[in-house]
Amino acid sequence: MTEDAVVDGPERNLELLTIGAFAARARLSAKALRLYDRLGLLAPAHVDEMTGYRYYRAGQAERARLVAMLRQLDMPLARIAEAGDGAGAAELLGAYWADVEARVAGQRTLAEYLRGRLSGRSSEMYGKFAVETVETPAQVVICEKRHTLADELPAWIGAALGRLMQAAGECGGVAGVPYVAYHAEVSMESDGPAEACVPVADEAAARAWVERRGRAWETTVRVEPARRLAYTRITKAQVAHPQILAAFEAVEQWMAERGLTATGPCRELYFADWAATGPGDPACDVAFPVS
């Protein structure tokens with residue numbers, strides 16, 4: 001019996017097809033079907049123990065075509081394995097494609113940013129940002145530091161600042177603008193670290209809170225000295241990567257033109273209610289401590 005023959009004998013009542021016959025019905029290659037089996041995406045209905053031949057039910061053809069089309073969308077194998085049929089699979093596909101479109105939109109924006117830099121239009125981009133300086137007083141800050149890559153950063157910032165803002169309620173209240181400081185580059189290749197910080201009113205209470213409850217998140221307390229900040233104000237939409245890179249570079253260029261030197265890590269100060277802020281509303285100051 002060849003692998004491409006219809007199964008004979010006791011299996012006939014199950015209407016099993018050889019891999020060749022099933023591949024023709026599913027409009028796929030036998031090689032693709034073997035790959036799907038190996039990856040756990042579509043298992044044969046029966047494998048002959050003696051020959052190792054694979055056999056499929058005719059009803060599996062629709063699943064085989066679905067897997068092939070999902071692979072054409074570059075859907076990760078783990079997600080394809082989760083996809084069943086009907087509304088559940090449609091919902092999973094919708095969520096995956098929304099992620100794809102968000103990623104492509106980010107890449108498109110990054111490409112435009114890089115095109116501007118490579119074509120020598122950097123000064124034109126930087127000119128869109130108004131840079132000023134401000135004096136900030138010494139303040140007690142409660143902090144959480146983490147090594148994180150760029151794709152994990154937005155979720156971590158929201159979670160970390162949320163935890164610290166809640167802790168501030170037991171530390172005399174929030175006494176300044178929450179911010180995130182970058183002690184090294186955060187990108188898809190470099191993981192920082194970044195440090196979320198919330199100024200609080202009561203240093204003793206903050207240190208007591210950290211001793212009691214802050215160890216799980218490696219929370220610390222320190223006194224941040226008075227500083228002069230060079231900053232530019234950006235909208236909520238501009239906080240997204242890579243627009244925010246242009247803002248940081250604009251501040252750096254402004255500093256260089258005036259002979260100013262950075263005296264600490266660059267930072268993002270989140271002065272607005274993020275949830276209530278629209279894309280075009282001011283939401284964040286990009287800043288460098290300077291002297």
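Mentor: Buried means under 20% relative accessible area, exposed over 50%, partly exposed in between (1.4 Å probe, protein chains only). This model is predicted: local features need pLDDT of at least 70, side-chain atom pairs pLDDT 80 or more, and totals for chains, interfaces and linings use all residues. Residues are numbered from 1 along each chain as its sequence is written, and side-chain values use heavy atoms, without hydrogens and water.

Trainee: Is V221 buried or exposed?

Mentor: Start with its place: V221 lies in strand β8. Strands (E, at least two residues) and helices (H or I, at least four) are DSSP runs, numbered from the N terminus. The relative accessibility of V221 is 13%, so V221 counts as buried.

Trainee: Which residues is V221 in contact with, leaving aside its neighbours within four places in sequence?

Mentor: Contact means heavy atoms within 4.5 Å. Three of the partners are V140, V141 and I142. The others are A206, R207 and V210.

Trainee: How far apart in space are V221 and V198?

Mentor: In sequence, 23 residues separate V221 and V198. V198 is the bridge partner, in β7, of I142, and I142 is one of the contacts of V221. From C-alpha to C-alpha, V221 and V198 are apart by 9.7 Å.

Trainee: In what order do the strands of the eight-strand sheet stand?

Mentor: Two strands pair if DSSP finds at least two bridges between them. Here the pairing is antiparallel and the sheet is open. The order is β4-β9-β11-β10-β6-β7-β5-β8.

Trainee: Which strands stand at the edges of that sheet?

Mentor: Look for strands with a single partner, where one side is left without a neighbour in the sheet. The order ends with β8 and begins with β4. The edge strands are therefore β4 (131-136) and β8.

Trainee: How many bridges join β5 to β8?

Mentor: β5 covers residues 139-146, and β5 and β8 run antiparallel. One pair to find on the model is V141 with its bridge partner R222 in β8. The bridges joining β5 to β8 number six.

Trainee: How many bridges join β5 to β7?

Mentor: β5 and β7 also run antiparallel. I142 pairs with V198 in β7. Bridges between β5 and β7 number seven.

Trainee: Which strands does α9 touch?

Mentor: Take α7 beforehand: α7 packs on the sheet and touches β5, β6, β7, β8 and β10. α9 packs on the sheet as well. The strands touched by α9 are β4, β9 (227-235), β10 and β11 (282-290).

Trainee: In what order do the strands of the three-strand sheet stand?

Mentor: This sheet is open and antiparallel. β1 (16-18) and β2 (46-47) each have a single partner strand, so they stand at the edges. The order is β1-β3-β2.

Trainee: What is the bridge partner of T18 in β3?

Mentor: β1 and β3 (residues 54-57) pair in the antiparallel sense over three bridges. Helix α1 (residues 19-26) lies across both of these strands. Within β3, the bridge partner of T18 is Y55.

Trainee: Which element gives the most to the lining of the largest pocket?

Mentor: A pocket is an open set of 1 Å grid points over the protein atoms alone, where a 1.4 Å probe fits, with protein on both sides within 12 Å along at least five of seven lines; lining residues have an atom within 4 Å of a point. In the largest pocket, 43 residues form the lining, and the closest to its centre are L153, V239, H241, I244 and E268. Elements giving two or more residues are α5 (87-118), α7 (153-168), α9 (243-257) and β10 (266-270). With nine residues, the most comes from α5.

Trainee: Which residues does the cis peptide bond join?

Mentor: Most residues other than glycine have a negative phi, and most peptide bonds are trans. The cis bond here has an omega of about 20 degrees. Its proline lies in the loop between β6 (179-182) and β7 (194-200). The bond joins G192 and P193.

Trainee: What is phi of D74?

Mentor: D74 sits in the loop between α3 (61-72) and α4 (77-82). At 63% relative accessibility, D74 is exposed. Its phi is positive in a residue other than glycine, near 60 degrees.

Trainee: What is phi of E218?

Mentor: E218 belongs to the loop between α8 (203-213) and β8 (219-224). Its relative accessibility is 60%, so E218 counts as exposed. Phi of E218, also a positive value, is near 55 degrees.

Definitions and conventions. Axes fitted to C-alpha atoms, helices over the stretch in contact; angles between N-to-C directions.
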